[in-house]
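Here's a quick look at how a pair of helices sit against each other, and what lies around them. Have the structure open while you read.

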Amino acid sequence: MIVPFDSSSPVPPFEQVRSGLATRINDRSLAVGTKLPTVRQLAADLGIAPNTVARAYRELEEAGLIETRGRAGSFVAASGDQSRRRAQQAAAEYAKTTRKLGLDDAEALAIVRAALDEGKS
């Protein structure tokens, strides 16, 4: 299966699909250029609505992790590597800002953890 899915999970189905694919793209177990299943195919494989998969694909495309090439389908984008670099740049900028504000590492990390936890809701 291309992504793990648990119908009894409290995590919304689109988020399970989105995060599952994002994880596989970021850890490179889905290589750049890999063709993804069609929305209908993945929905059928997972037993969920096509609109759910379409939403996950849209969010992945907005994040630059996949690209859709019309009738040719959806593919892992080369810009996925750029996403990681952008995150690293943002982290470096955040570290610089927290140092200027006089925050210690523990407090800076606590703020990041709180922001990440907030994003899960």
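Let's start with a sanity check on α3. At 1.5 Å a residue, its 13 residues should span 18 Å, and the end C-alpha atoms are indeed 18 Å apart, so the two values agree. Keep in mind that this is a predicted model.

The same kind of check can be run on α1, which has 14 residues. From its first C-alpha to its last, α1 reaches 20 Å, close to the 20 Å expected at 1.5 Å a residue. Side by side:

| Helix | Residues | End-to-end C-alpha distance | Expected span |
|---|---|---|---|
| α1 | 14 residues | 20 Å | 20 Å |
| α3 | 13 residues | 18 Å | 18 Å |

Now for how they meet. The axes of α1 (residues 13-26) and α3 (residues 50-62) come within 8 Å and cross at roughly 45°. An angle counts as oblique when it is neither under 35 degrees, nor over 145, nor 65 to 115, and α1 and α3 are therefore oblique to each other. As for handedness, α1 passes α3 in a right-handed crossing.

Which residues make the contact between α1 and α3? On the α1 side you'll find Pro13, Phe14, Val17, Arg18, Leu21 and Ala22, and these meet Thr52, Arg55, Ala56, Tyr57, Glu59 and Leu60 of α3. By type, the contact residues split into eight nonpolar, one polar and three charged.

Next, burial. In α3, the buried residues are Thr52, Val53, Ala54, Ala56, Tyr57 and Leu60. Their cover includes α1, along with α2 (39-46), β1 (66-68) and β2 (74-76). Over in α1, the buried set is Phe14, Gln16, Val17, Gly20, Leu21, Ala22 and Ile25. Among the elements covering those are α2, α3, β1 and β2.

What comes after each helix? α1 is followed by Arg28, with a positive phi near 70°. After α3 comes Gly64, whose phi is also positive, near 80°.

One last stop is α2, where Leu46 is found. Is Leu46 buried or exposed? Its relative accessible area is 10%, and the cut-off for buried is under 20%, so Leu46 is buried. If you want a distance to check in your viewer, take the C-alpha atoms of Leu46 and Glu61: these residues are 15 apart along the chain, and the atoms are separated by 20 Å.

Notes. Residues are numbered from 1 along each chain as its sequence is written. This is a predicted model: local features need pLDDT of at least 70, side-chain atom pairs count only at pLDDT 80 or more; totals for chains, interfaces and linings use all residues. Side-chain values use heavy atoms; hydrogens and water are left out. Axes are lines fitted to C-alpha atoms, for helices over the stretch in contact, and angles run from 0 to 180 degrees between N-to-C directions. Helices (H or I, at least four residues) and strands (E, at least two) are DSSP runs, numbered from the N terminus. A crossing is left-handed if the near helix is turned anticlockwise from the far one by less than a right angle, and right-handed if clockwise. Contact means heavy atoms within 4.5 Å. Ala, Val, Leu, Ile, Met, Phe, Trp, Tyr, Cys and Pro count as nonpolar, Asp, Glu, Lys and Arg as charged, and the others, Gly among them, as polar. The expected span of a helix is 1.5 Å times one less than its number of residues. Buried means under 20% relative accessible area, exposed over 50%, partly exposed in between (1.4 Å probe, protein chains only).
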